[in-house]
Amino acid sequence: MQKPPLTYQQQLRYSRHIMLVQLDIDGQEKLWQSHALIVGLGGLGCPVAQYLAASGVGTLTLVDNDLVDATNLQRQVLYKQTDVGSLKAHAAKAQLTSLNDEIDIHTIDAFLDEDFALNTLLNTVDVVIDCSDNIATRNLLNSACYNTNTPLVSGSAIRMEGQVACFTMAQNSHCYGCLSQLFSEQTQSCSESGVLSPIVGLIGSIQATEALKLLAGLPSKLTEQLLLVDGLSMEFNRFNITKNKHCAVCGA
């Protein structure tokens, strides 16, 4: 649903965005009129949700059916000790509302399936930010985004490493499936391998940056490349992504 234009007070609030030549008032208006879907409210989803809310993305839909656990507090910075045992989606909404009560925030505390993703969610959103922790969900989101031409920002992190890539889902472009078929199902999770707290913040912040650029219509190199981050050596490497003609999702 179309929102009223930004008020003078809102323009003051987002003035540091509006001062950016690449963004300006038009770009901020685009963010204000946009709807972003964040899937997963763990280590990646927390910074993504915070930055999108603070940046004035007008509508957020948060998807996670998990409960806040004490072990999450080391890296999932949206939650407080008093949130342990609460649904992540509800606790996240409360924190984000206290950060910016002018935006609309919807929560879904259920598993996503293909019909729900395609028929209920993706036809109403402008970008999907995948902050999930398993390849099955990532592949489901990729297929749904491809079928609805919805841009997808994908990220993952474990130990002291992470990766980010964007997929415009434009005609003849590659998709996450062109990459994921090179991976096997992740056999270890953060609970088994560990993860350095700021790494998920770093990867999530990059995902938020890319989502804002897509919503504002700014160019991104990560629509063509996979960014790999090694936090131990503090090295950033990018690799070109090529369309796989045999991809089960976007192939011929």
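Me: Which backbone oxygen does the side chain of His35 reach?

Reply: Keep in mind that this is a predicted model. In it, the His35 side chain comes to 3.0 Å from the backbone oxygen of Thr124.

Me: Where does His35 sit, and is His35 buried or exposed?

Reply: His35 belongs to strand β1, which covers residues 35–39. To judge burial, look at relative accessible area: under 20% counts as buried. His35 has 12%, so it is buried.

Me: Which residues is His35 in contact with, leaving aside its neighbours within four places in sequence?

Reply: There are two stretches to look at. One is Thr59, Leu60 and Thr61; the other is Thr124, Val125, Asp126 and Val127.

Me: Thr59 takes me to strand β2, residues 59–63. Why is β2 described as largely enclosed?

Reply: Go through the strand residue by residue. Five of the five are buried, so the rest of the structure largely encloses β2. Then check the two faces: Thr59, Thr61 and Val63 are buried on one side, and Leu60 and Leu62 are buried on the other.

Me: How many bridges join β1 to β2, and do the strands run parallel or antiparallel?

Reply: Five bridges link them, and the strands run parallel. For a landmark, find Ile38, which stands opposite Leu62 of β2. Between the two strands, the chain passes through helix α4 (residues 45–54), in a right-handed β-α-β crossover.

Me: Which strand does Leu62 face in the pairing with Thr107?

Reply: That's β3, where Thr107 stands opposite Leu62. β3 spans residues 104–108, runs parallel to β2 and is joined to β2 by five bridges. Here too there's a β-α-β unit: β2, helix α5 (residues 88–99) and β3 make a right-handed one.

Me: Now the cysteines. How many disulfides does the structure hold?

Reply: The general test is distance: the two cysteine sulfur atoms must be within 2.5 Å. The structure has zero disulfides. Take Cys131, which is in no disulfide: its nearest cysteine sulfur belongs to Cys46 and is 9.1 Å away.

Me: And why is Cys145 not bonded to Cys175?

Reply: The Cys175 sulfur is the closest cysteine sulfur to that of Cys145, but at 10 Å it is too far for a bond.

Me: Are these two, Cys131 and Cys145, buried or exposed?

Reply: Use the accessibility check from before. Cys131 counts as buried because its relative accessibility is 7%. Cys145 is buried as well, with a relative accessible area of 0%.

How values were computed. Residues numbered from 1 in each chain as written. Predicted model: local features only at pLDDT ≥ 70, side-chain atom pairs only at ≥ 80, totals over all residues. Heavy atoms only, no water. Buried < 20%, exposed > 50% of the residue type's maximum accessible area, 1.4 Å probe, protein only. Helix = DSSP H or I, 4+ residues; strand = E, 2+ residues; numbered from the N terminus. Polar contact = N/O pair within 3.5 Å; in protein donor to acceptor, adjacent residues only side chain to side chain. Contact = heavy atoms within 4.5 Å. Pairing = 2+ DSSP bridges. Right-handed = clockwise from strand over helix to strand, strands pointing away.
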